[in-house]
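Hi,

Here's the structure I promised to pass on. Have a look at it first, and then read my notes below.

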Amino acid sequence: MDGMLSQEEINALLGNMNSNAGDTDPGSSGGEVLSADECDAIGEISNICMGTAATTLYSLVNQKVTITTPTVTISTWDELVAEYERPCVFINISYKAGIEGNNVLILREEDVKVITDLMMGGDGTNLVDELSELHLSAICEAMNQMMGSSATSLSSMLNRMVDISPPSAELVDLAEEVDSSKVAFAKDQQFVKVFFKMEIGDLVDSSIMQLYPIDLAKSLYSIFASAQEVKETKEEVKEEVSIAAPQQANAEMAQVPPPAPQMTAQAPPMGQPMMGQGMPYNYVPPVQDVQVQPVQFQPFNASFNPITQQENIDLIMDVPLEVTVELGRTSKSIKEILEFAPGTIIELDKIAGEPIDVLVNGKLVAKGEVVVIEESFGIRITDIIKQ
């Protein structure tokens, strides 16, 4: 033996090193886990998308929302079960345009209770014992708006239209057997875990996670890299054009010969020979007096008004308009509306005996009082609102 390793032995050694470092994914169809560039790209994509989602969540809960820069790692289902609090809420997000695949967003159960309480008009402290279908529906709507805004940011980054389906939410106990249909990947395969720290006012100081299948993460990186190459190419072309434009202009100016000198002379009187024939000159005609008069217009007939002409009014006489009689208005929070039941009394902003409003196509035109005509309600006009 010459002491040198064969190519098969080298490949075997490299394969063992990669397996020990967690750089291979035997269970995935891709055969490899993410490279450093791919992890950086996924982190940048998630950072921008979650920043947009945090702004949307702020508008829903009316509390300051802070989501930190993410940490991207390769993980397994067993590691996830061991390190994350349970039960938790799994939110499945599926892409329907621009990207193929889906991912899972994981929130702690207590965080979901706080967010839904804030969305329903509470102060984030009146938490229920168990999450109901109403709470899961509310968090789905919040995630739908958050991930919708994230998809808009993702469209700008990837230079293509990205759209998602309405998310679905489910309370999952990781200690129990979890159906594979509730997650975006097979539980015996590795996946990409993107970890964020999240703060909502003084109520939530927690974390959220976003899980990507390996294939989806690689697809995102491929699209992202292509979009960046196109962007860099456009910037290089734009820079070259901006540099070449003044140089080309200077070259063209250098090639243009200076204009020949021109001499100005008066034309000789009629019948006299022109002096210096053959020499160019510009003929300047004598100035003549021009008579200027003000413009006169035909006066309008003051008695003519097309708006008041009967034949024009007849054109719109049969147009139907919606007449609405408004007894009063009030504002209620979502929490108060959900508490409505038969017998609930709603106080309006009108005082008893105050005239009610008459609106035509939503515009206030008159005020009146309620009357009863046989078995129907009616309104007697008491005042016409002058615009």
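Confidence first, since this is a predicted model: the mean pLDDT of the protein chain is 76, with 70% of its residues at 70 or more. Two stretches call for some care. Over residues 14-31 the pLDDT stays under 50, and there the model has 20 contacts beyond four places in sequence. Residues 275-279 also stay under 50, with 1 contact of that kind. Where pLDDT is low, the predicted coordinates shouldn't be read in detail.

Now the overall picture. The protein chain has 387 residues, and 31% of them count as buried. Its secondary structure comes to 8 helices and 12 strands. If you take the contacts with a separation of 6 or more, 59% of them are between residues 24 or more positions apart.

The helix I'd look at is α4, residues 109-119. How many of its residues are buried? The count is 10 of 11, so α4 is mostly covered. Among the buried ones are Glu109, Asp111 and Lys113, along with Val114 and Leu118. After the helix comes Gly121, which has a positive phi, near 95°.

What does α4 pack against? One partner is helix α5 (residues 133-158): the angle between the two is about 85° and their axes are 9 Å apart. Angles from 65 to 115 degrees count as roughly perpendicular, and α4 and α5 are therefore roughly perpendicular to each other. On the α4 side, the contact involves Val112, Ile115, Thr116 and Met119; they meet His135, Ala138, Ile139 and Ala142 of α5. By class that makes 6 nonpolar and 2 polar residues, with no charged ones. The four α4 residues in this contact are also on the buried list. The spacing has a simple background: an α-helix has 3.6 residues a turn, so residues three or four places apart point the same way.

Last, the sheet towards the end of my notes. Four strands form an open sheet, ordered β9-β10-β11-β12, and the pairing is antiparallel. β9 (323-326) and β12 (376-384) are the edge strands, each pairing on one side only. On average, neighbouring strands here are turned by 40° against each other, ignoring direction. To see one pairing up close, go to β11 (residues 363-373), which is joined to β12 by 8 bridges, the two running antiparallel. One residue to click on is Glu369, whose bridge partner in β12 is Arg380.

Cheers

Terms used:
Residues numbered from 1 in each chain as written. Predicted model: local features only at pLDDT ≥ 70, side-chain atom pairs only at ≥ 80, totals over all residues. Heavy atoms only, no water. pLDDT = per-residue confidence, 0-100. Contact = heavy atoms within 4.5 Å. Buried < 20%, exposed > 50% of the residue type's maximum accessible area, 1.4 Å probe, protein only. Axes fitted to C-alpha atoms, helices over the stretch in contact; angles between N-to-C directions. Parallel < 35°, antiparallel > 145°, perpendicular 65-115°, else oblique. Nonpolar A, V, L, I, M, F, W, Y, C, P; charged D, E, K, R; others polar. Pairing = 2+ DSSP bridges.
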